[in-house]
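Student: I have a protein model open and I'd like to learn how to read it. Can we go through it together?

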Amino acid sequence: MTAASFPLVFGVDTFGDTNAENGRPVSHAQTIRNVVEQGVLTEQAGLDFFGIGEHHTDDFPMPAADVVLAAIAARTSRIHLGSAVTVLSSDDPVRVFQRYSTLNALSNGRAEVILGRGSSIESFPLFGFELADYEQLFEEKTELFAEIVKGGPVTWSGKTRAALDDQDIVPHIEAGTLKVWIGVGGSPYSVLRAARHGFSLMLAIIGGSPARFAPYSSLYRQALEKFGREALPIGVHSPGHVAETDEQARAEFWPAYRDIITRLGPSRGFPVPTPGFFEREVGPDGPLYVGSPEAVATKIARYMPVLDATRFDMKIGMPGMSQPAISKSIEMYGTQVVPRVRELLGAAVAG
Amino acid sequence: MNGVQVQNAVEMGSLEQERRQSLRVAVLGAGHVGPVIARLAAHAGNSVAVATSRDPDEIELSVQVLSPGAGARWAVDAVADADIVVLAVPLHRFEQIETSLVAGKVVVDMMNYWPEVNGRLATFDRRDISSSEVVARRLPQSRVVKTLNHLGYHQLDEESRPAGDPERKALGVAGDDAAAVQVVATFVEGLGFDVVRMGGLAAGRLLEPDGPVFGRPLGRADFARAVGAVAR
């Protein structure tokens with residue numbers, strides 16, 4: 001089965017980036033309320049998914065994504081809602097399942113979970129985990145999560161949490177199974193892990209050339225086959241911002257991008273971004289989808305086939321951007337970019 | 001193709017032939033960076049084996065797809081035959097590597113002590129010597145060379161260029177054993193990078209996470225300027 005067998009899905013992701021008004025940051029509380037409005041707007045703009053990535057910092061005050069998603073669920077009826085990502089390594093798989101199964105109940109089956117090992121690592125000291133253990137934590141906890149989502153009583157033992165013996169975990173999923181993805185930033189082990197457990201693959205492409213990730217898609221497809229799994233969709237998560245013109249989009253995005261990358265640099269290994277670096281990242285070979293609707297649509301339509309992807313989630317906003325600019329970006333992404341991407345991809349398939 | 005193009009192609013082909021390397025390389029680690037090194041090394045013509053602490057079957061598919069030309073082997077077999085052993089593991093895994101495994105070998109240390117990312121490690125939490133010197137002290141029977149650590153794995157992947165390309169970037173190489181440095185320098189050039197020789201392992205400090213070239217792809221001249229400015 002090839003990627004063409006899956007419907008095209010377009011989503012919005014946020015990390016709860018702190019907004020600014022008139023150049024001054026708004027409160028964490030206001031940022032969270034703004035995210036609810038962004039979620040509602042995502043449905044109104046005709047998009048398919050809204051995801052919230054767990055973070056624990058002043059720039060991204062968003063530790064309880066499921067609570068915020070529940071508020072959005074109450075005000076929407078169609079879009080799917082998920083984590084993007086849940087840092088499973090520093091969480092408890094049982095509680096993650098319970099929270100998202102609850103969200104699934106509240107939203108009438110619209111919940112999804114994207115599991116990540118966590119490139120944002122601030123949750124480790126916060127919850128008392130050792131960074132040096134992250135591989136084992138993620139490996140074991142993903143394995144337990146896979147057991148839980150199968151449904152039925154769970155028997156499991158490992159080193160990272162108390163054992164479970166024939167344990168019923170509620171609330172049960174009403175119909176079908178919870179949709180689970182694994183977010184991959186560059187570890188082949190995570191690609192293999194997703195395939196082994198039958199989880200979909202979400203490629204998190206935030207630096208360098210998107211084309212560089214194509215071998216991971218190939219590895220995923222071959223690994224699914226090797227493990228005897230049915231074909232599953234591949235998604236792409238990348239930062240973006242849409243405005244009337246390329247110039248406007250870049251002018252709105254660049255200062256916020258420069259500031260946050262500069263602040264995160266020391267702990268994440270990002271060099272201080274220069275205008276030249278930014279030009280490359282927003283250019284045709286870079287991972288940032290920043291520009292006019294036509295430019296952004298062209299780039300999405302170019303890379304989805306290269307990456308064998310049928311889903312694209314644009315991570316919108318950056319700390320310090322204004323709510324009106326973000327809202328406008330979501331609206332243009334939904335009403336102009338996505339229809340154009342569908343047109344371009346349809347033409348490619350027909351041609 | 002006209003006659004000139006054919007002639008050019010033949011000449012380029014023979015040049016390519018001359019540059020082809022035939023080192024035996026063991027890459028220990030199959031996470032983010034291991035597959036990139038293995039792919040570039042195999043592309044350069046080297047005989048490349050990738051190994052982890054576990055059964056090679058587990059990584060066979062990813063080596064095949066991500067590092068065409070390389071093969072997955074048991075660590076002990078991969079290292080036994082190797083001219084160069086590349087430590088492509090996170091630093092907190094280093095202490096799990098048996099020192100006897102790499103005894104007598106040229107070892108490339110591409111690891112970083114980066115507490116913000118990988119957590120604190122008592123052995124490496126010191127300012128008086130470079131992290132590679134700590135590595136070398138634990139591996140007294142190996143000849144340790146520091147390089148490949150100061151660009152990210154996707155930068156190594158994307159910045160690799162043939163010799164003479166104006167866009168080719170430089171990597172620093174530091175080591176106490178001249179012969180080992182020589183063989184590693186040749187290897188690094190084959191991966192697609194110019195080499196700037198830094199001196200002994202102590203100078204490896206300049207390549208570390210808080211140093212002037214970390215995460216910055218620079219051409220040879222800019223690289224030399226960046227490290228020179230600090231060295232003065």
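**Two helices side by side**

Tutor: Sure, and keep in mind that this is a predicted model. Let's start with a pair of helices: A:Pro188, A:Val191, A:Leu192, A:Ala194 and A:Ala195 in α6(A) meet A:Tyr216, A:Leu219, A:Tyr220, A:Ala223 and A:Leu224 in α7(A).

Student: How many nonpolar, polar and charged residues does the contact of α6(A) with α7(A) have?

Tutor: Ten are nonpolar, and there are no polar and no charged residues in that contact.

Student: At what angle do α6(A) and α7(A) pack?

Tutor: The angle is about 35 degrees, and the axes of α6(A) and α7(A) are 8 Å apart. Their crossing is right-handed.

Student: How should I read a single helix?

Tutor: Here's the general idea: an α-helix has 3.6 residues a turn, so residues three or four places apart point the same way. Now try helix α2 of chain A, residues 65–75.

Student: Which residues of α2 are buried?

Tutor: They are A:Ala65, A:Asp66, A:Val68, A:Leu69, A:Ile72 and A:Ala73. If you look down the axis of α2(A), these buried residues fall within an arc of 155 degrees, so they line one face of the helix. A:Ala74 and A:Arg75, on the other side of α2(A), are exposed.

Student: What do the buried residues of α2(A) pack against?

Tutor: Their partners in chain A are the helices α1 (28–44) and α3 (93–106), plus the strands β4 (49–52) and β5 (80–83).

Student: Okay, let's zoom out. How many helices and strands does chain A have?

Tutor: Eleven helices and 14 strands. The radius of gyration of chain A is 19 Å, close to the 20 Å that the globule rule gives for 351 residues, so chain A is as compact as a globular protein of that length. Its C-alpha trace spans about 60 × 50 × 40 Å along the principal axes, and 49% of the 351 residues count as buried.

Student: And what about the place where two chains meet?

Tutor: In general, the size of an interface is often given as the accessible area lost when the parts come together. Here we can simply look at contacts: 24 residues of chain A are in contact with 20 residues of chain B. On the chain A side, α6 (188–197), α7 (214–226) and α8 (246–268) each supply at least two residues.

Student: Which helix gives the largest share of that side of chain A?

Tutor: That's α7(A), with six residues. By class, the side of chain A that touches chain B divides into twelve nonpolar, nine polar and three charged residues.

Conventions
Residues numbered from 1 in each chain as written. Chains lettered and ligands numbered in written order. Predicted model: local features only at pLDDT ≥ 70, side-chain atom pairs only at ≥ 80, totals over all residues. Contact = placed C-beta atoms within 7 Å. Helix = DSSP H or I, 4+ residues; strand = E, 2+ residues; numbered from the N terminus. Nonpolar A, V, L, I, M, F, W, Y, C, P; charged D, E, K, R; others polar. Buried ≥ 20, exposed ≤ 12 C-beta atoms within 10 Å, placed from the backbone. Arc of directions from axis to C-beta. Rg over C-alpha atoms; globule rule 2.2 N^0.38 Å. Axes fitted to C-alpha atoms, helices over the stretch in contact; angles between N-to-C directions. Left-handed = near helix turned anticlockwise from the far one by under 90°.
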